[in-house]
Amino acid sequence: MSELSLDLSNMTADGDSGAGITEDGLERLLPRLREAHATLWRESDEGTLGFMKLPGADTAPVAELAGEVVERGCEDFVVLGIGGSSLGARALTEALLHPSWNHRTLQQRGGRPRVFVMENIDPRSFSALLETIDLKRAVFNVVSKSGRTAETVSQLLIVKELLEGEVGSEWAQHIVITTDPERGPLREIAGVHSIASLPVPPDVGGRFSALSPVGLFPAAVAGIDVGGVKRGASEMDAYCRDGDMARNIASALVSYYLGSYELGKKITVLMPYSDRLRAFGQWFAQLWAESLGKRRNGECVGLTPALALGATDQHSQLQLYLDGPDDKTVTFLKVDDHGHKLGIPPSLRHDEFSFLYGSTLNELLRAEYEATREALRRNGRSSVTITLSSVCPETLGALMYLYEVVAVLMGYMLDINPFDQPAVEEGKKIARGILEGEVSLEPQTARKIECVLG
Ligand code: PA5
């Protein structure tokens, strides 16, 4: 049995310097919170929120196509996508596959391929990847809801040429397209060239698509239990529907984030104490930034995501969190069972190290988390902790779904639309205009400073 729990004990700051959220403040949020909940569940029941239908969606076509890819002997599976079209797959695979998955043998991977999520278009990294893999045994999953994102389409164009050179007319068998079921250039291309494809539900936006074929297909190819991921999300859906606001995990988180935001804490630090959740943090950052950074009647609102990793960032960012401006909330993600226990042997026999002898890295990591939480409390900085019994398909699915619900509720409470991304679209248009020569940029040379080196 797996579990996910929320600890709010340090939500209201009671340290020396701190003015945190008060019980009164939380009480004042309640009517708005109830209203936001009512709107969310009404829309969900009316079927207008696509992401809420995903935990119950049929994933048989995903499993079938994933099985075919593996059976065909695919050794390298490469996701080509960006933003909402890549971060879900990255979060799922990095959390749920062996940390050295791509360095393991085919046999150790149970006959499943290495997995690469190639979101950026850095020419050096992309060339290096293409040189590393065996194109004859590779499958490229091109993921783009719109089917026209410049970065992803460019990657496809490069890959198609290379594949054609390598396998001739069979190039299309090395591609799987995940895109809108009816519209967009990639859908047309899939039809014209008989390329295998999967749908991104039209009512599901990029950052809410992790539990659709966008995230689940790469996961299934790698052998991840996608049923478990969906089950976790579905069970979390039930918890988030709890009408008792004091018991509802989503509303507790919303109270913490919104109450803090209204006290000027506009930065949301997510700090997992597990390497496996680092990519989840990047997924969260997109969800938070794109859903909540908006204009509201001319006013700019939003919560800025910041990522830290425990214990690593105790040695880099923690100083700022403790002594810097009191403009942040910290959410710890703690994992009880890391799946491995590593003892610290009493070697080198030195008095200085004796406190470590006989303990484990697991205990040390836990103590580091407890110390950080306590140091924040003593400095009047509030925090919340989400504990996962282990990182498994169920807890990850539940965590993703929980944050999707929280992001939407936050958007409703802030009176903004959490589902659009006009600024991202504007950036895409400008980039296209630059390449087409239709956008000329303001000259900025007046502020240019050059340093000639060597
Ligand atoms: O969340 C979003 O909408 C964006 O981050 C998109 O996912 C991203 O821009 C990629 O778009 P597309 O899937 O259309 O290629």
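How many Å separate the centres of domain 1 and domain 2, taken over C-alpha atoms? The separation is 30 Å. The structure is a predicted model, in which local features need pLDDT of at least 70 and side-chain atom pairs count only at pLDDT 80 or more, while totals for chains, interfaces and linings use all residues. Residues are numbered from 1 along each chain as its sequence is written, and side-chain values use heavy atoms, with hydrogens and water left out.

The domain assignment of the protein places residues 4–41 + 229–417 in domain 1 and residues 53–226 in domain 2; such bounds come from an automatic or database domain assignment. To the contact (heavy atoms within 4.5 Å), domain 1 contributes 24 residues and domain 2 contributes 22 residues. About 2100 Å² is buried between domain 1 and domain 2, with carbon and sulfur atoms giving 64% of this area. Buried area here is the accessible area (1.4 Å probe) that two parts lose on being put together, summed over both. On the domain 1 side, the most area is lost to domain 2 by Val229, Lys230 and Gln286, which together make up 30% of what that side buries.

Turning to polar interactions, the interface of domain 1 and domain 2 holds 2 salt bridges, each defined as a side-chain nitrogen of Lys or Arg within 4 Å of a carboxyl oxygen of Asp or Glu. Glu290 and Arg207 form a salt bridge whose closest N and O atoms are 3.0 Å apart. Helix H8 (226–240), helix H10 (278–292) and helix H13 (393–413) each supply at least two residues of the domain 1 side that touches domain 2; helices (H or I, at least four residues) and strands (E, at least two) are DSSP runs, numbered from the N terminus. H10 provides the largest share of that side, 8 residues.

Across the whole structure, the salt-bridge count comes to 28. One salt bridge joins the side chains of Glu262 and Arg32 (3.0 Å, N to O). This pair links distant parts of the chain, with Glu262 in helix H9 (residues 249–262) and Arg32 in helix H1 (residues 23–46), 230 residues apart.

Aromatic rings add another kind of pairing. The whole structure contains 16 aromatic pairs, where rings of Phe, Tyr and Trp (its six-membered ring) pair if their centres lie within 6.5 Å, and planes under 30 degrees apart count as stacked, over 60 as edge-to-face and the rest as tilted. Tyr273 and Tyr369 make an edge-to-face pair, because their ring centres are 5.8 Å apart and their planes are at 70°. Tyr273 sits in the loop between strand E7 (267–272) and H10, and Tyr369 in helix H12 (residues 361–378), so the pair ties together parts 96 residues apart in sequence.

Two backbone details complete the picture. Most residues other than glycine have a negative phi, and most peptide bonds are trans. The peptide bond from Gly310 to Ala311 is cis, with omega near 0°, and Ala311 belongs to the loop between strand E10 (304–307) and helix H11 (318–323). Asn297, although not a glycine, has a positive phi of about 50°; Asn297 lies in the loop between strand E8 (294–296) and strand E9 (299–301).
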